[in-house]
Amino acid sequence: MDLDRPASERPGPLLSREVQTRGAQPMVARLLFSWGKLEAQRGVLTLDELDTEVDRFREAGFEVILVPRGGNEVYGSSRLPSSTDTAALEAWRAFLRALAERFRGRVRFYQISHRVDDPGALPEGAGGREYAFLLKSAAVEVRGADPEAFIVMGSISGEKPEFLEAVLGEEVSAYLDIVALRGEAGVDPSEAVDRVSSQLLQHDPSVSVWIVAQGLPRTEPPQENGMSESAADPSAEATSLAADRSLRGGAMIELTASALSSGARLILFDSPPHSSGSPEMGDLLIPLRRVFVPSLGPSPEGVGRLR
């Protein structure tokens, strides 16, 4: 759920008594937000909206991951700060510490920005080595306020092993708990998980791998005019929606099985809001969880039943 988006474009928590019970492996939601949105004036943090959303998801039974991302224009740049920009770096560190202090006891996972390997995410000319410095700085601040917190690396593409290698080469094992790979629609994540697991085996086997923002395929791409070819025919549109749902549901099963069987500990789907306000395809998440959660790995019999 992205706080930078209008409220109508944010999925709310899936409301279910089964999810509310949490259990040993609760449902998980990432809450993304920009530093600039929460600190539009230097030194003044507005955390009330984030506070409300954290509590809303927690009350629904979700484990929440906080994802503060980007820099802040009031400190000179929308990119993450560089090690030489003392004022922006200190402000960013103070922001992270304030988050951890505010949500201690309610949030355990902090992902240090999003899409950190994309152009424009880091200062000009910076790469994995420079991000490793930021990761270490963030871990010191977050764990200084909450020693029980887990640090998740900002999401990266599984097709860019050189970025992760540069990060791991900076001795980050004491600061990093989870590497997050971005899932892509139509792409089996198992190869990327295998590749990253091999890298971690050489540097720090204790670090877990997650798949985040996993996209799902659709039966047909949007037309240039914004309307599908079947939109004028209600019966054809209903058939298309059913086929789309079937395709996406099957993909959720296959992607989950592939990710977990290759060693990922978690897969999180990028789910836009349904008209009900809950995540699209959210009703499938509960039976999907029943199939995979008992062993945190795929059950062939369970997959067969769900299909």
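**Figure 1. Helix H4 and the glycine that comes after it.** Let's start just past the end of a helix: Gly105 follows H4 and has a positive phi, near 90°. Like everything shown in these views, this comes from a predicted model. H4 itself covers residues 86-103, and its 18 residues should span 26 Å at 1.5 Å a residue; the end C-alpha atoms are 26 Å apart, so expectation and model agree. Look along H4 for its buried residues, which include Ala88, Leu89, Ala91, Trp92, Phe95, Leu99 and Phe103. An α-helix has 3.6 residues a turn, so residues three or four places apart point the same way. The buried residues of H4 pack against strands S1 (27-34), S2 (62-69) and S3 (109-112), and against helices H2 (35-38), H3 (48-59) and H5 (128-145).

**Figure 2. Where H4 meets H5.** Here is one of those partners in closer view. The axes of H4 and H5 lie 8 Å apart, and the two helices pack at an angle of about 40°. They are therefore oblique to each other, and their crossing is right-handed. On the H4 side, the residues to find are Leu89, Trp92, Arg93, Leu96, Arg97, Ala100 and Glu101; among those they meet in H5 are Phe133, Leu134, Ala138, Val142 and Ala145. Ser137 is another residue of H5. With a relative accessible area of 5%, Ser137 is buried. Setting aside residues up to four places away in sequence, Ser137 touches Trp92 and Arg93.

**Figure 3. Aromatic pairs that link distant parts of the chain.** Six aromatic pairs occur in the structure, and two of them are shown here. The ring centres of Trp35 and Tyr75 are 5.3 Å apart with the planes at 20°, so this pair is stacked. Trp35 belongs to helix H2 and Tyr75 to the loop between S2 and H4, 40 residues apart, so the pair links distant parts of the chain. Both Trp35 and Tyr75 are buried. The other pair, Phe109 with Trp210, is tilted, with 5.4 Å from centre to centre and 55° between the planes. This pair also links distant parts of the chain, with Phe109 in strand S3 and Trp210 in strand S7 (residues 208-214), 101 residues apart. Phe109 and Trp210 are both buried. While you are here, look for Phe95 too: ring pairs link it with Trp35 and Tyr75 into a cluster.

**Figure 4. Two positive phi values in the loop between S3 and H5.** Most residues other than glycine have a negative phi. This view shows two residues that go the other way. Ser113 has a positive phi near 75°, and Arg115, also not a glycine, has a positive phi of about 55°. Ser113 sits in the loop between S3 and H5, and Arg115 lies in that loop as well. Their surroundings are worth a look: Ser113 counts as buried at 4% relative accessibility, whereas Arg115 is partly exposed, with a relative accessible area of 37%.

**Figure 5. Ala259 and its contacts.** We finish in helix H8 (residues 234-261), which holds Ala259. At 0% relative accessibility, Ala259 counts as buried. Apart from neighbours within four places in sequence, Ala259 is in contact with Pro189, Ile211, Ala264 and Ile267. Gly183 is also worth finding here: it is 76 residues from Ala259 along the chain, with 9.8 Å between their C-alpha atoms.

Definitions and conventions:
Residues are numbered from 1 along each chain as its sequence is written. This is a predicted model: local features need pLDDT of at least 70, side-chain atom pairs count only at pLDDT 80 or more; totals for chains, interfaces and linings use all residues. Side-chain values use heavy atoms; hydrogens and water are left out. Helices (H or I, at least four residues) and strands (E, at least two) are DSSP runs, numbered from the N terminus. The expected span of a helix is 1.5 Å times one less than its number of residues. Buried means under 20% relative accessible area, exposed over 50%, partly exposed in between (1.4 Å probe, protein chains only). Contact means heavy atoms within 4.5 Å. Rings of Phe, Tyr and Trp (its six-membered ring) pair if their centres lie within 6.5 Å; planes under 30 degrees apart count as stacked, over 60 as edge-to-face and the rest as tilted. Axes are lines fitted to C-alpha atoms, for helices over the stretch in contact, and angles run from 0 to 180 degrees between N-to-C directions. Angles under 35 degrees count as roughly parallel, over 145 as roughly antiparallel, 65 to 115 as roughly perpendicular and the rest as oblique. A crossing is left-handed if the near helix is turned anticlockwise from the far one by less than a right angle, and right-handed if clockwise.
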